Amino acid sequence: MDIFDFSDGREGYYGEYGGVFLPEILQATIEELLACFRECKADPKFWQDYVALLQNYSGRPTPITHLENLSRKLGGAQIYVKRDDLNHTGSHKINNVMGQGLLCQRLGKSKVIAETGAGQHGFATATMAAKFGFECKIYMGAVDVARQRPNVFWMENLGAEVIAVEDGQKTLKDAVNECMRDWVTNMADTHYILGTACGPHPFPEMVSWFQSIIGLEAREQMLKQAGRLPDRVYACVGGGSNAMGIFQGFMDDDVELIGSEGGGHGVGSYMHSSRLAYDDATVGVAQGYKTYFLQNDEGNMNETHSVAAGLDYIGVNPIFAHLHDQGKVRFEAATDVEVKEALKLTMRTEGLIPALESTHAFVTAIKEAPTMGKDQIILINQSGRGDKDIFTIADALDDAKWKSFIGGKADQYRAENN
Ligand SMILES: *Cc1c(COP(=O)(O)O)cnc(C)c1O
């Protein structure tokens with residue numbers, strides 16, 4: 001199936017979802033971006049340059065690892081993991097960002113802006129801007145700036161300006177709104193590096209295209225390493241970019257695709273980020289596109305929660321909204337508690353430290369593997385690594401020795417600076 005075949009004339013729509021809902025003033029900029037993207041997508045040389053850049057800068061292709069210990073322990077399907085955690089800056093986000101960097105060069109723009117929640121996308125964007133020589137501004141909710149100091153530290157040291165957004169709840173959706181405002185004002189020389197497969201067309205298609213490198217590699221690697229395709233593929237879903245990335249390698253195959261959302265405190269708690277699995281979201285238009293949003297009856301956005309900051313978002317990519325309705329992708333959710341348990345298990349049995357986001361995919365896979373046969377195969381996308389998130393993970397695991405270490409550091413700092 002070609003989800004990006006718009007020959008029915010409804011460019012940028014996936015079923016009823018997607019589209020462009022932006023102020024008139026951005027129309028020309030979005031059209032310029034779309035034209036440039038169409039040119040890049042049709043140009044094999046662009047894709048070759050993109051792949052070469054990721055090979056030489058980010059360590060692609062990332063390997064596939066067979067988790068023999070975990071598979072044996074669970075006693076069911078053989079578990080394989082696509083290691084996108086091994087990318088430079090520690091996650092799949094760099095794929096999209098490097099691609100958009102090349103595109104920005106072709107657009108002839110010299111400045112980039114981006115929104116970030118947890119800071120991973122901002123960190124990747126600041127890295128790319130340093131390499132390409134772009135001026136870089138990162139919009140981040142003031143609450144997130146306060147709680148994500150390590151990523152803010154790196155962004156600033158990489159030369160980006162981090163702008164703390166004081167509107168609304170001072171988190172990701174407020175940062176997105178502020179970023180849009182900047183784009184409206186500075187569109188002549190500024191490209192907006194959107195961080196996931198959401199927002200107005202062509203972003204969902206464009207980000208999915210850059211991330212498809214994960215699935216292209218994974219399909220070939222599975223055939224080579226396991227001798228056949230997996231029966232199921234699991235990925236976590238925030239905006240949906242890493243999942244779109246790996247799923248695209250298996251869309252036309254007899255492979256079941258499963259997305260795992262941020263279940264937070266669980267179904268019915270209203271303290272979660274699950275739009276599709278918990279059935280709490282409704283269709284609406286916000287932030288430039290139409291999809292399922294976690295919103296109330298008046299269309300105001302709900303507060304969301306996940307132990308994994310990267311999954312903590314109100315909307316979901318419009319392609320998934322459509323594939324969900326069609327039953328092409330199955331959506332499940334993992335709770336914060338389940339995530340902590342799965343992370344401990346993966347660390348102890350395999351020496352792998354998946355990011356809290358990626359661990360959501362592990363939770364669902366670990367639940368289902370024992371119900372499958374030993375000759376069956378599942379593939380999990382490890383979208384990022386957790387060791388860079390030591391502050392968050394140590395907090396999540398409520399590690400007493402870590403707390404006393406941080407307390408000691410604080411005392412030492414105060415003593416030295418008084
Ligand atoms: C940002 C992030 C995600 C969530 O974003 P998607 O667009 O849904 O992929 C998942 N995993 C990691 C490691 C992230 O940094």
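Axes here are lines fitted to C-alpha atoms, for helices over the stretch in contact, and the angles between their N-to-C directions run from 0 to 180 degrees. The exercises below apply this to a predicted model.

**Exercise 1. Determine how helix α1 is oriented against helix α4, and which residues form their contact.**

Solution. Begin with the geometry: the axes of α1 (residues 27-42) and α4 come within 10 Å and cross at roughly 110°. Angles of 65 to 115 degrees count as roughly perpendicular, and α1 and α4 are therefore roughly perpendicular to each other. The sense of the crossing is right-handed. Turning to the side of α1, the residues that take part are E32, L33, C36, F37, E39 and C40, and they meet L103, R106 and L107 of α4. Sorted by class, the residues of this contact comprise 6 nonpolar and 3 charged, with no polar ones.

**Exercise 2. Carry out the analysis for the pair α4 and α5: what is the crossing angle, and which residues meet?**

Solution. Helix α4 spans residues 93-107 and helix α5 spans residues 120-132; their axes come within 9 Å and cross at roughly 40°. Because an angle from 35 up to 65 degrees belongs to none of the roughly parallel, roughly perpendicular or roughly antiparallel classes, α4 and α5 are oblique to each other. The crossing of α4 and α5 is right-handed. On the α4 side the contact draws on K93, I94, N96, V97, M98, G101, L102 and Q105, while α5 contributes Q120, H121, A124, T125, M128 and F132. By class, this contact of α4 with α5 holds 7 nonpolar, 6 polar and 1 charged residues.

**Exercise 3. Describe the open sheet of 4 strands, and state how α4 is placed against β8.**

Solution. The strand order is β7-β6-β5-β8, and the pairing is parallel. At the edges stand β7 (161-165) and β8 (190-192), each with a single partner strand, so one side of each is left without a neighbour in the sheet. Neighbouring strands are turned against each other by 25° on average, direction ignored. Taking one pair in detail, β5 (residues 111-116) and β8 run parallel and are joined over 3 bridges, and I113 stands opposite Y192 in β8. Helix α4 lies across β5 and β8, and runs at about 150° to β8.

**Exercise 4. Give the strand order of the open sheet of 6 strands, and identify the strands that helix α13 touches.**

Solution. The order is β3-β4-β14-β9-β10-β13, with mixed pairing. The edge strands, each of which pairs on one side only, are β3 (64-66) and β13 (329-335). From one strand to the next the twist averages 25°. Within this sheet, strand β10 (residues 256-264) pairs with β13 in the parallel sense over 7 bridges, and the bridge partner of I258 in β13 is R330. Helix α13 (residues 356-368) packs on the sheet, where it touches β4 (78-83), β9 (232-236), β10, β13 and β14 (377-382), and its direction makes about 145° with that of β9.

**Exercise 5. State how the protein is divided into domains, and how many residues of each are in contact with the other.**

Solution. Domain 1 comprises 15-55 + 92-203, and domain 2 comprises 59-90 + 212-396. The C-alpha centres of domain 1 and domain 2 lie 23 Å apart. With contact taken as heavy atoms within 4.5 Å, 35 residues of domain 1 are in contact with 41 residues of domain 2.

Key:
Residues numbered from 1 in each chain as written. Predicted model: local features only at pLDDT ≥ 70, side-chain atom pairs only at ≥ 80, totals over all residues. Heavy atoms only, no water. Helix = DSSP H or I, 4+ residues; strand = E, 2+ residues; numbered from the N terminus. Parallel < 35°, antiparallel > 145°, perpendicular 65-115°, else oblique. Left-handed = near helix turned anticlockwise from the far one by under 90°. Nonpolar A, V, L, I, M, F, W, Y, C, P; charged D, E, K, R; others polar. Pairing = 2+ DSSP bridges. Domains from an automatic or database assignment.
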